[in-house]
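Work through the exercises below with the structure open beside you. Try each task before reading its solution.

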Amino acid sequence: MPAIETIGLEKTYRLGFWRKTARQALRPLTLAVEEGEIFGYLGPNGAGKTTTLKLLMGLVFPTGGSARILGMELDDPRMRRQIGFLPEQPYFYDYLTAPELLNYYAQLSGLTGRDRKRRVEEMLARVGLAEAERMQLRKFSKGMLQRLGIAQAILHDPKLVFLDEPMSGLDPLGRREVRDLIQSLKDEGKTVFFSTHILSDAEALCDRVAVLCRGELRGVGVIAELEAKRTGRVEVVWRGLSALAEVRNLALECHASKNDTARATVTEGNLDAVLDVLRRGSAQIISAMPVRSTLEDYFIERLQADPQDEPGSTAASPDSDAPVREVAQ
Amino acid sequence: MRSILLVAFNTFREAVRDRVLYNLIVFALLLIGASFLVGQISIGIERQVLISLGLTAISLFGVVIAVFIGVGLVSKEIEKRTIYTVLTRPVRRWQFIVGKFFGLFGTLVVNTFFMAIGFFAALALQAHRLQWADGWLVVALWFIVLEFVIITALALLFSSFSTPLESAVFAFVLFIIGTFSEDLREFAQAAHGLTRIVASGAAYLVPNLAALNVVGRVAHDQALPPSLIFYNTIYAALYATAAVAAAVLIFERRDMK
């Protein structure tokens, strides 16, 4: 059973006083996220990431399609006990302190007595807010609010955690802490679905990613397979610049540095010719490494792809052979 | 039930932390000032003036609080996105609305309780004793609380679909029309044709706050029929239930954009 399953889930907002203007925020989305995965939901701003999360969280209602979380309907209170949610740029009741807020949420999530007290203290310590327990939230920095947001999302030990732009507003150290935290959630066997437009975070954390653009799913990829994909290019690094001009003619790109070393990207077909040139010029070859595909390559490729040209297949489970699966609408 | 109580308590806590109960200090100063002034400008009718002033102030303070907090009860939560982390827990939307209602109503009851203590203290100071007729003042206070039930429910209803400013305007307009609802009913009875139908409809739709205003009668120690207490209580409960139910119906279908 997938942790998250959507079938043709879509959302169109009606705008204007008479609600005559329609804006399709999410085109029919068919997607499955397996239990125990860290799933990255990527896309530029305005792609429909937050709309998808709001639909899954029951904060907005779909205009078409359906979705199930942990095999249950979106409005099922039993399901709500097993999920955690961090909204984008979270804002909380600023008249409360962090323990008061977590206590309130713990009570709403059904935690009682000693268990509640213990979980609140644990969460505050885990996100490094134990020192600030007497401070009202109106005095919290953006980073502190983000950490508190993560604490409230995992407070009740959910099976599945939804994080909307969890690294937003954090400094490099804070981002690292959140990354470690997401990794530890995976180690605990939890499923994490997080949206981001920071590709390095997704690359470092995710098992699979989906790319969304203008409300449309452009593809789903397994990160490991994506990175293992050959690009047909090789990066060559050498010392000694006497053959530089000749290599430039053969390479796709070529850069020389001041310390007598140079780097060129060449096609696999031209590699032997380039190496011959370097040997003739008595250059010292330092390395010749195949260029692997990056998430960024995939992301850009998907954003530029015309969805109308894509073959019809549905994205979903991680056990398909293809490293990258396309989704036609 | 537990979720409703939790949301209600948090709403009450917000009002207290936002220093809403500070209005009690203003009320206390008003009563103290009035007690001194009344003795000098209204010889022989000090008691009536003090009762009128005290009960009207309790009512107005409460209505202002009900409207200004009530109109933001839902819209502020959506605007600030605090609602996201509540509704994604095992809390039904109707529980959130009902919890909000009871949270604000509870705030008003506590506020009215302390005002009532101050009011009776001022009366005791003025007359050097309390009398049996003062029992009707408790009934008048009960009617004021019923008025708050209605205004809170209406403010919540407007808050569930419009901005705080629009909601405040709607709520105050309804409060004013409701205060003069008996005039509207008389006008409806005197009118003919379509005007009569429209006026009658409006008269039954707006809250009959005039029936809850017994300040003049209790100030002159007039007895109130038990049937009035019964019907007013039933009326306020039904009206508020209808308004909260409408708020729930709207909120259940609303997208949290």
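**Exercise 1: two packed helices**

In chain B, helices α6(B) and α12(B) are oblique to each other; angles under 35 degrees count as roughly parallel, over 145 as roughly antiparallel, 65 to 115 as roughly perpendicular and the rest as oblique. The model is predicted, so local features need pLDDT of at least 70 and side-chain atom pairs pLDDT 80 or more, while totals for chains, interfaces and linings use all residues. Residues are numbered from 1 along each chain as its sequence is written, and chains are lettered from A and ligands numbered from 1 in the order in which they are written.

Task: find the angle and the axis distance behind the word oblique, and the residues in contact.

Solution. Step 1: α6(B) and α12 (residues 226-252) of chain B pack at about 140 degrees, with axes 9 Å apart. Axes are lines fitted to C-alpha atoms, for helices over the stretch in contact, and angles run from 0 to 180 degrees between N-to-C directions. Step 2: on α6(B) the contact is made by R93(B), W94(B), I97(B), V98(B) and F101(B), and on α12(B) by V244(B), A247(B), V248(B), F251(B) and E252(B). Contact means C-beta atoms, placed from the backbone, within 7 Å.

**Exercise 2: one residue of α6(B)**

Task: is F120(B) buried, partly exposed or exposed?

Solution. Step 1: locate F120(B) in helix α6 (residues 93-127) of chain B. Step 2: apply the cut-offs, which are buried for 20 or more other C-beta atoms within 10 Å, exposed for 12 or fewer, and partly exposed in between. Step 3: F120(B) has 16 C-beta neighbours inside 10 Å and therefore counts as partly exposed.

**Exercise 3: the length of a helix**

Task: check the span of helix α5 (residues 142-154) of chain A.

Solution. Step 1: the expected span is 1.5 Å times one less than the number of residues. Step 2: for the 13 residues of α5(A) this gives 18 Å, and the end C-alpha atoms are 19 Å apart, which agrees. Step 3: buried residues of α5(A) include L148(A), I150(A) and I154(A). Their cover includes α3 (98-108) and α4 (113-126) of chain A, together with α5 (84-87) of chain B.

**Exercise 4: a sheet**

Task: which strands lie at the edges of the open sheet in chain A?

Solution. Step 1: the strand order is β11-β12-β10-β13 (chain A), with antiparallel pairing. Two strands pair if DSSP finds at least two bridges between them. Step 2: β11 (253-256) and β13 (284-292) of chain A each pair on one side only and are the edge strands.

Key:
Helices (H or I, at least four residues) and strands (E, at least two) are DSSP runs, numbered from the N terminus. Two residues are in contact if their C-beta atoms, placed from the backbone, lie within 7 Å.
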